[in-house]
Amino acid sequence: QKFIGTMEALVYVNWTNTILTVITLFVLRYLYQRLAPKVNNWDLKGKVVLVTGGSKGLGKGIALQLGAAGATVYVTGRSTGDVTTPGTINHTAHQIELNGGVGIPVQVDHTQDDQVEALFQQIQQEQGKLDVLINNVIWIRDDVNQKPPFWKQEVEVWDAYHTVGLRSHYIASRLAVPLMLNNEKGAGKYDSSRGVIININSPGADYYLFNIAYGTTKIGFERLSKDMGKELKNEKISSFSIWPGVVKTERMARHKNTWVRRYGVDLDQQGESPELSGRAVCALLNDTNNLMKRSGKKYWVSKLAREYHFTELDGSTPIDIFSIEFVVLCMKTWIKYKIYGNPNQ
């Protein structure tokens, strides 16, 4: 009996020490993330980057941050106009110039292969190379949040997502690789890559979101990233995806109440800016020695912010969507909605 009592005491002490150690490590990690010096500036001068679908939303945010890092950024889209008109590739290119980069708008309908081919011919003629391709363009209908079951949706919804989305990513990647092969190839196993292809993805690849056509397209993006990473490994071209959380794009802002009602997500408090994804891209590209190691994998923007210590534009640290803090905020927002009908009351 005495032996058993002694063993129970030892187990209790060990469990107590384990719990205290875990809590201590968690606190130290939290303090390190909060107090570590922030890095929001990168040097990508001389890099030639193509961002598809860059007139607004995530594509625009990424393009602007690449411009701030000094890159030459080609921006595609269908919407053109005066440089003062938001939502056009001309406006994005002008903002890139104001940020210190070189912005080149090219009107492209990504359903038309001849226009896409002409785009890459233009880059070849003007730059002689391509360092980075950001596959961002995707067709999303404005009523995507209405979520009718697939048997009540037009087949055109499936075709649109897979044409301006999965197929357009494939076509752009196929045309980008020959230009990247013009770049110098490192000698070592993990020397900096000669080219990078980044597919912009979302939680819709892992969880049901919006509709079946959207989800299967996002799953396709992930498969594309992984398989291209495998086939491009020997060519020293890296292919991977980044996953933003809930992003405060123009379209999302029009559906703020839907996100509160369904998911308890208040965009103003829990949403990421499009520029945060741009900073994630810049941080990854600046970490040249690890680009090949990252090939074929996926990376959450909020986790990259902690790894590379970059912030939102206002200096705040983005909330990890897998954190307890995010879950608590969702519950708080949802309860407020149920009581007041407005999360901001």
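A nonpolar patch on the surface is formed by Phe150, Trp151, Trp158, Tyr208 and Ile212, which together have about 630 Å² of accessible area. Patches are made of residues with over 30% relative accessible area and no salt bridge, with nonpolar side chains (Val, Leu, Ile, Met, Phe, Trp, Tyr) joined within 5 Å and like charges within 9 Å; accessible areas come from the Shrake-Rupley method with a 1.4 Å probe, and for residues only the protein chains shown count as cover. The model is a predicted one, in which local features need pLDDT of at least 70 and side-chain atom pairs count only at pLDDT 80 or more, whereas totals for chains, interfaces and linings use all residues. Residues are numbered from 1 along each chain as its sequence is written, and side-chain values use heavy atoms, with hydrogens and water left out.

Within the patch, both Phe150 and Trp151 are exposed, while Trp158, placed in helix α5 (residues 155-180), counts as partly exposed at 39% relative accessibility. These classes follow relative accessible area, with buried meaning under 20%, exposed over 50% and partly exposed in between (1.4 Å probe, protein chains only).

In the protein as a whole there are 13 helices and 7 strands, taken as DSSP runs numbered from the N terminus (helices H or I, at least four residues; strands E, at least two). Buried residues make up 50% of the 345 residues, and the protein exposes about 17500 Å², of which carbon and sulfur atoms supply 55%. Of the contacts with a separation of 6 or more (heavy atoms within 4.5 Å), 72% are accounted for by residues 24 or more positions apart.

The loop between α5 and β5 (195-200) contains Ser193, which is buried with a relative accessible area of 14%. A polar atom of the Ser193 side chain lies 3.2 Å from the backbone oxygen of Gly195. When its neighbours within four places in sequence are left aside, Ser193 is in contact with Lys236, Ser238, Thr288, Leu291 and Met292.

Salt bridges, each defined as a side-chain nitrogen of Lys or Arg within 4 Å of a carboxyl oxygen of Asp or Glu, come to a count of 8. In one of them Glu235 is joined to Arg194, with the closest N and O atoms 3.8 Å apart; this pair links distant parts of the chain, 41 residues apart, since Glu235 lies in the loop between α6 (212-232) and β6 (237-243) and Arg194 in the loop between α5 and β5. Glu235 counts as partly exposed at 32% relative accessibility, whereas Arg194 counts as buried at 11%. Another salt bridge joins the side chains of Arg223 and Asp227 at 2.9 Å, N to O, and both residues lie in helix α6, 4 residues apart, about one turn of the helix. Arg223 is partly exposed with a relative accessible area of 49%, and Asp227 also counts as partly exposed, at 36%.

A salt bridge is likewise formed between Lys303 and Asp320, whose closest N and O atoms are 3.1 Å apart; here too distant parts of the chain are linked, with Lys303 in helix α12 (residues 301-308) and Asp320, 17 residues apart from it, in the loop between α12 and α13 (324-340). Lys303 is partly exposed, with a relative accessible area of 39%, but Asp320 is buried, with 10%. Helix α12 is largely enclosed by the rest of the structure, because 6 of its 8 residues are buried, namely Val301, Ser302, Leu304, Ala305, Arg306 and Tyr308. After α12 comes His309, whose phi is positive, near 60 degrees.

Aromatic pairs number 7, where rings of Phe, Tyr and Trp (its six-membered ring) pair if their centres lie within 6.5 Å, and planes under 30 degrees apart count as stacked, over 60 as edge-to-face and the rest as tilted. The rings of Trp42 and Phe310 have centres 6.2 Å apart and planes at 75 degrees, so the pair is edge-to-face; it links Trp42 in the loop between α1 (2-35) and β1 (48-51) with Phe310 in the loop between α12 and α13, 268 residues apart. Trp42 is buried with a relative accessible area of 13%, and Phe310 is buried with 1%. The patch residues Phe150 and Trp151 also form an edge-to-face pair, because their ring centres are 5.4 Å apart and their planes lie at 85 degrees. Ring pairs further link Trp139, Tyr161, Phe210 and Tyr214 into a cluster.

Terms used. Polar contact = N/O pair within 3.5 Å; in protein donor to acceptor, adjacent residues only side chain to side chain.
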